[in-house]
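User: I have just opened this entry for the first time. Could you walk me through the reasoning behind the labels?

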Amino acid sequence: MDILQDSFPQLFHLYSTYYTPYASYIQPLRRFFLLTQSYFYYYAFPTLYPIYTLTSRLFASALTEKQSLTSLALLALLVVVSLKVLDMVRRTIMYWVNLAIHLLMYLSVAVLGMWVYQRGVEQSLEDLGWIVGLLAGLGEAGERVGHEKAAGSAREARKISKGNSRWKTRQAGW
């Protein structure tokens, strides 16, 4: 303990002279903070202290006496936090889906460019015409099958309408 008491004056002198070159920069900041603190205690504190005591007593009584109000407030806070978390999860998922779609689009453009480069423009146009014809043929076949099914349904509907009324109600689910 004697060592500390003996070295205290030297440490104080070292501390006070160490920051001397920076004093011109530190003093205005120190003055600003001290003036702000004194302004707060002189003007704002007398106004805010009664409000603080009133609200703290109100919240303390609400937290201790009315458990339903507390649980309702906690439930509302939980709902808000969970909605925020769900929104963050939704945005994250949408980001990754959007990134995957963009990557697939750019990858398909790159593959198409490589295909055209490798096959040549004329051969690529012929292949493209063949693919369009194939898809059109599939579309026509789909239309043909759809028309056949529709015609079959129409024949069945005409057959039902020509039959007796008792059979109609049984087929309708009565």
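**Reasons behind the labels**

Analyst: Let us begin on one helix: Asp-87 and Arg-91 both lie in helix H3, four residues apart, which is about one turn of the helix. Please keep in mind that this is a predicted model.

User: What makes Asp-87 and Arg-91 a salt bridge?

Analyst: The cut-off is a side-chain nitrogen of Lys or Arg within 4 Å of a carboxyl oxygen of Asp or Glu. For the side chains of Asp-87 and Arg-91 the N to O distance is 3.4 Å, so the pair meets the rule for a salt bridge.

User: Which other salt bridge does Asp-87 make?

Analyst: The side chain of Asp-87 also meets that of Arg-90, at 3.0 Å from N to O. These two sit three residues apart in helix H3, again about one turn.

User: How many salt bridges are there by this rule?

Analyst: The count is three. Arg-119 and Asp-127 form one of them, with their closest N and O atoms 2.7 Å apart. As for shared partners, salt bridges join Asp-87, Arg-90 and Arg-91 into one network.

User: Why is Asp-127 called buried?

Analyst: Buried means under 20% relative accessible area. Asp-127 has 17%, so it counts as buried. Its partner Arg-119 has 39%; that value is between the limits of 20% and 50%, so the label is partly exposed.

User: And why are Asp-87, Arg-90 and Arg-91 called partly exposed?

Analyst: The same reasoning works for each. Asp-87 has 28% relative accessibility, Arg-90 has 46% and Arg-91 has 47%. Values from 20% to 50% are called partly exposed, so that label fits.

User: How do you know that Ser-124 is buried, and what does it touch?

Analyst: Ser-124 has a relative accessibility of 6%, and buried means under 20%, so the label follows. Ser-124 belongs to helix H4, residues 121-162. Leaving aside neighbours within four places in sequence, Ser-124 is in contact with Trp-115, Val-116 and Arg-119. Across the chain, buried residues make up 3% of the 174 residues.

User: Why is Leu-74 called exposed, and which patch does it help to make?

Analyst: Leu-74 has a relative accessible area of 53%, and exposed means over 50%, so Leu-74 passes the limit. Leu-74 is placed in helix H3, residues 67-119. Together with Leu-77, Val-81, Val-85, Met-88, Val-89, Ile-93, Val-97 and Ile-101, Leu-74 makes a nonpolar surface patch of about 790 Å². For the chain as a whole, the exposed area is about 16,200 Å², and carbon and sulfur atoms supply 70% of it.

User: Now the aromatic rings, please. How many aromatic pairs are found, and why is the pair of Tyr-39 and Tyr-43 called tilted?

Analyst: A search of the whole structure finds five aromatic pairs. The rings of Tyr-39 and Tyr-43 have centres 4.9 Å apart and planes at 45 degrees. Rings pair if their centres lie within 6.5 Å, and planes under 30 degrees apart are stacked while those over 60 are edge-to-face. An angle of 45 degrees fits neither of those, so the pair is tilted.

User: Where do Tyr-39 and Tyr-43 sit, and are they exposed or partly exposed?

Analyst: Both are in helix H2, residues 23-65, and being four residues apart they are separated by about one helical turn. Tyr-39 has a relative accessible area of 53% and is exposed, whereas Tyr-43, at 47%, counts as partly exposed. Ring pairs link Tyr-39, Tyr-42 and Tyr-43 into a cluster.

User: What makes the pair of Tyr-95 and Trp-96 edge-to-face?

Analyst: Their ring centres are 5.3 Å apart and their planes stand at 75 degrees. Since edge-to-face needs planes over 60 degrees apart, the label fits. Tyr-95 is partly exposed at 49%, and Trp-96 is exposed at 53%.

User: How does the span of H3 compare with the expected one, and what follows the helix?

Analyst: H3 has 53 residues and reaches 77 Å from its first C-alpha to its last, close to the 78 Å expected at 1.5 Å a residue. Gly-120 follows H3, with a positive phi near 95 degrees.

User: Finally, what is the secondary structure of the chain?

Analyst: The chain has five helices and zero strands, in the pattern α-α-α-α-α along the sequence.

Note on methods:
Residues are numbered from 1 along each chain as its sequence is written. This is a predicted model: local features need pLDDT of at least 70, side-chain atom pairs count only at pLDDT 80 or more; totals for chains, interfaces and linings use all residues. Side-chain values use heavy atoms; hydrogens and water are left out. Patches are made of residues with over 30% relative accessible area and no salt bridge: like charges are joined within 9 Å, nonpolar side chains (Val, Leu, Ile, Met, Phe, Trp, Tyr) within 5 Å. Accessible areas come from the Shrake-Rupley method with a 1.4 Å probe; for residues, only the protein chains shown count as cover. Buried means under 20% relative accessible area, exposed over 50%, partly exposed in between (1.4 Å probe, protein chains only). Contact means heavy atoms within 4.5 Å. Rings of Phe, Tyr and Trp (its six-membered ring) pair if their centres lie within 6.5 Å; planes under 30 degrees apart count as stacked, over 60 as edge-to-face and the rest as tilted. The expected span of a helix is 1.5 Å times one less than its number of residues.
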